[in-house]
Amino acid sequence: MQSENFGECICGMPKAEHSEAALCAGSRKQTGYTKLDSAELRKRMEKKDKAKCERYRVNMQATNFGECICGLPKAEHTEEALAGFKESSAKPRDEEELRKRMTAKETVDCDEFVLDMDPQA
């Protein structure tokens, strides 16, 4: 269970590169495992630890979708951290103010516009 690639043998080679005899010998050694029912398996796989992040905040530059700025996914945050995310701190704006801000153009600090007629420009 320590290999870098899924299905890799402890020798470091993939399963496809092993002989039939090696595959049979390996399956004989792997006895002693007990089959678990679905409920027991889910119980073992359930992650109980949550992120120590106080407030979930989306990292807009993260490679993974929905990742918090702490580096953990949204699913690993507590209910309290997610509650802080749902309560938006942004003030609602009216449409006119928003339109004015979106269509505003930056202007340069120039007293008079004079067209540059130089052909090299």
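Buried means under 20% relative accessible area, and exposed means over 50%. The model used in these exercises is predicted.

**Exercise 1. Overall make-up**

Task: State what share of the 121 residues is buried, and which secondary structure elements the chain holds.

Solution:
- Start with burial. Of the 121 residues, 8% count as buried.
- Go on to the surface. The accessible surface of the chain is about 12,300 Å². Carbon and sulfur atoms hold 53% of that area.
- Now take the elements. The chain has four helices and zero strands. Along the sequence the pattern reads α-α-α-α.
- Finish with contact range. Consider contacts with a separation of 6 or more: 38% of them join residues 24 or more positions apart.

**Exercise 2. The nonpolar core**

Task: Find which residues make up the largest nonpolar core, and list what Leu 82 touches.

Solution:
- The largest nonpolar core has five residues. They are Ala 51, Cys 53, Tyr 56, Cys 68 and Leu 82.
- Take Leu 82 next. Residues up to four places away in sequence are not counted. Leu 82 then touches Tyr 56, Lys 74 and His 77.
- Compare the lists. Tyr 56 is a member of the core and also a contact of Leu 82.

**Exercise 3. Cysteines**

Task: Work out how many disulfides the model has, and why Cys 70 is not in a bond with Cys 68.

Solution:
- Recall the chemistry. A disulfide is a covalent bond between the sulfur atoms of two cysteines.
- Set the cut-off. The two sulfur atoms must lie within 2.5 Å.
- Apply it. The count comes to zero disulfides. Cys 53 is in none, as its nearest cysteine sulfur, that of Cys 68, is 3.8 Å away.
- Check Cys 70. Its closest cysteine sulfur is also in Cys 68, at 3.7 Å, so the gap is too far for a bond.
- Add the setting. Cys 53 is buried, at 14% relative accessible area. Cys 70 is partly exposed, at 39%.

**Exercise 4. The salt bridge**

Task: Locate the one salt bridge in the whole structure and describe where its partners sit.

Solution:
- Begin with the principle. Side chains of opposite charge can pair when their charged atoms come close.
- Identify the pair. Arg 99 bridges to Glu 95. Their closest N and O atoms are 2.9 Å apart.
- Place the pair. Both residues belong to helix 4, which spans residues 95-103. They are four residues apart, so about one helical turn separates them.
- Judge exposure. Arg 99 is exposed at 53% relative accessible area. Glu 95 is exposed too, at 57%.

**Exercise 5. A loop glutamate**

Task: Decide whether Glu 67 is buried or exposed, and list its contacts.

Solution:
- Place Glu 67. This residue is in the loop between helix 2 (38-45) and helix 3 (79-86).
- Read the area. At 14% relative accessible area, Glu 67 is buried, because the cut-off is under 20%.
- List the contacts, leaving aside neighbours within four places in sequence. Glu 67 is in contact with Tyr 56, Arg 57, Val 58, Asn 59, Ala 62, Leu 72 and Pro 73.

**Exercise 6. A surface patch**

Task: Name the residues that make the nonpolar surface patch of about 430 Å², and place Leu 115.

Solution:
- The patch is made by Phe 113, Leu 115 and Met 117.
- Leu 115 lies in the segment after helix 4.
- Leu 115 is exposed, with 56% relative accessible area.

Definitions and conventions. Residues are numbered from 1 along each chain as its sequence is written. This is a predicted model: local features need pLDDT of at least 70, side-chain atom pairs count only at pLDDT 80 or more; totals for chains, interfaces and linings use all residues. Side-chain values use heavy atoms; hydrogens and water are left out. A nonpolar core is a set of buried Ala, Val, Leu, Ile, Met, Phe, Trp, Tyr and Cys residues joined through side-chain atoms within 4.5 Å. Buried means under 20% relative accessible area, exposed over 50%, partly exposed in between (1.4 Å probe, protein chains only). Contact means heavy atoms within 4.5 Å. Helices (H or I, at least four residues) and strands (E, at least two) are DSSP runs, numbered from the N terminus. Accessible areas come from the Shrake-Rupley method with a 1.4 Å probe; for residues, only the protein chains shown count as cover. A salt bridge is a side-chain nitrogen of Lys or Arg within 4 Å of a carboxyl oxygen of Asp or Glu. Patches are made of residues with over 30% relative accessible area and no salt bridge: like charges are joined within 9 Å, nonpolar side chains (Val, Leu, Ile, Met, Phe, Trp, Tyr) within 5 Å.
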